[in-house]
Amino acid sequence: MEQEMCIPVNHDDFIHDVAYNFYGTRLATCGSDKCIKIWDWNKQTGQWILNESFTAHDSSVIRLSWAHPEFGQVLASCSLDRTLKIWMEVDPIAKNESSRWTSTIVRPHSAAVHCIAFAPEYTNLTIATACSDGKVTFYSPNDPVKLDNWMTMGIIEFAPGVSTDSDGPLCLSWCKSRFAAPHMIAIGGSKENCIRVYKEKQPNTYVEVLELDRYDSAVLDVDWAPSMGRSYHLIATACSDGHIRIYKFWSHPSMSKAALSDSIFIREGDQLDYSDSGDAAATKVNGLRHLSTGEDDEDEDDEEEDDEDDDDEDDEDSDVDEDSDVSDEDDEDDSDDGNRSNAGSSVSPHARARRMGKSRGLKSAQHVLKAFEPHSELVGDLVVEPLMPVRRVRWNSTGTLLVSSSDDGVARMWKATVNGTWREVAAITAEKSPADL
């Protein structure tokens, strides 16, 4: 079912960004008219009601970003006037203000600010800014309640050297998984024409993890998909050549296709084969193939029975040895030596191999952890027809649907088929009829 709704935003110039809050009940728009407009959803009428409209910057407002609601109604905006502002909703009567929204300027930048994004709520109240001077700066407030004083928490030199506004914008997107490395972020830029992943190695210190790819065209946007329990990350990029590229990214051995729980079958120094085999999820190691089809449970039961038999045999041997004690000390020593040798020989070959396998498994697991390197794979190269720059890409809340917007004014939806092929499933535009698409 298709449903269209027109919102008369009434901006006097181009609209650059539209941002929903966490619950999707509040909408913020900005444009080249230097204004920001806040809209609230009315459930009774099914319409968007204008909450506030105010002049926010001295130049075009480029991006908006909502903070998580646990920090209050907090909105960030950036502009070509080289400023970042944090807006808070207050009671105008109690605060004696003429507007519901009050702002705080976060340290003027040396270049135009093209992209901003609040960090996921499970970390802290942190915002990242990407400027056309090739730098990404991180800020956090001293007081998370007043939000009147923001401090610099780290800087990434994405494009070293002298960069200007003419070098093009930077774009960024945070990793939204709370189980991945802390504070991972993907950054793309027009000057370098590449996408890199960074992580916070130490407080306020970010290091490069991996360069996903390098292109012959400018990178205009990047978005990191919610993980939703997947064993890999999904990252989408939008470029000026009309291509949308989707990558799988593995950041940790636990996300690798080779499960460490199967490392008992891996010897130290073995080479892992990451080939997929469908639902069997097979892992090949030097010709040895272990299929996770339920055989593990049977092997474990057999091993437990062997252990019980070994324990019974050891108990019987000890009883016989106690009854055959002699008074001579030399004979006792000889008998003790014999008992130890008999006890050692009573262990079944299967149990001894299993114990050796556990030791080798621990060593091999440590070897896999040490040898693992973050890596990525291009799984989708989507082309917009006709060819034109793709400005934005955004994932849905589950990371299964990708939406893109390009210079033809069309928003396209992309989804993966059962065999992993990405294809266009819908197209939406406000200026053309569906028959013209």
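## Cysteines

In this predicted model, Cys 115 counts as buried, at 1% relative accessibility. The structure holds 0 disulfides, and Cys 115 is accordingly in none; the nearest cysteine sulfur, that of Cys 171, lies 6.5 Å away. A disulfide requires two cysteine sulfur atoms within 2.5 Å.

Cys 239 is likewise without a bonded partner: the closest cysteine sulfur, in Cys 171, is 8.6 Å from its own sulfur, which is too far for a bond. Cys 239 is buried, with a relative accessible area of 0%.

## Surroundings of Arg 63

Cys 115 also appears among the contacts of Arg 63. This arginine belongs to strand S5, which covers residues 61-66, and it is buried, its relative accessible area being 8%.

Leaving aside residues up to four places away in sequence, Arg 63 touches the cysteines Cys 30, Cys 78 and Cys 115. Its contacts also include Asp 17, Asp 221, His 114, Arg 392 and Arg 394, together with Ala 76, Ser 77 and Ile 116.

## Salt bridges between separate elements

The whole structure contains 17 salt bridges. One of them joins the side chains of Lys 176 and Asp 223, with an N to O distance of 3.9 Å. Lys 176 is located in the loop between strand S13 (170-174) and strand S14 (185-189), whereas Asp 223 is in strand S17 (residues 219-224), so this pair ties together parts that are 47 residues apart in sequence. The two partners fall into separate accessibility classes: Lys 176 is partly exposed at 39% relative accessibility, while Asp 223 is buried at 7%.

A salt bridge also forms between the side chains of Arg 412 and Glu 424, again with an N to O distance of 3.9 Å. Because Arg 412 lies in strand S26 (residues 411-416) and Glu 424 in strand S27 (residues 422-428), the pair links parts that are 12 residues apart in sequence. Here the arginine is the buried partner, Arg 412 having 7% relative accessibility, and Glu 424 is partly exposed, with a relative accessible area of 36%.

## A salt-bridge network

Salt bridges with shared partners connect Glu 192, Arg 196, Glu 208, Glu 211 and Arg 214 into one network. Within this group, the side chains of Arg 196 and Glu 192 meet at 3.4 Å, N to O. Arg 196 counts as buried, at 9% relative accessibility.

How values were computed: Residues numbered from 1 in each chain as written. Predicted model: local features only at pLDDT ≥ 70, side-chain atom pairs only at ≥ 80, totals over all residues. Heavy atoms only, no water. Salt bridge = Lys/Arg side-chain N within 4 Å of Asp/Glu carboxyl O. Helix = DSSP H or I, 4+ residues; strand = E, 2+ residues; numbered from the N terminus. Buried < 20%, exposed > 50% of the residue type's maximum accessible area, 1.4 Å probe, protein only. Contact = heavy atoms within 4.5 Å.
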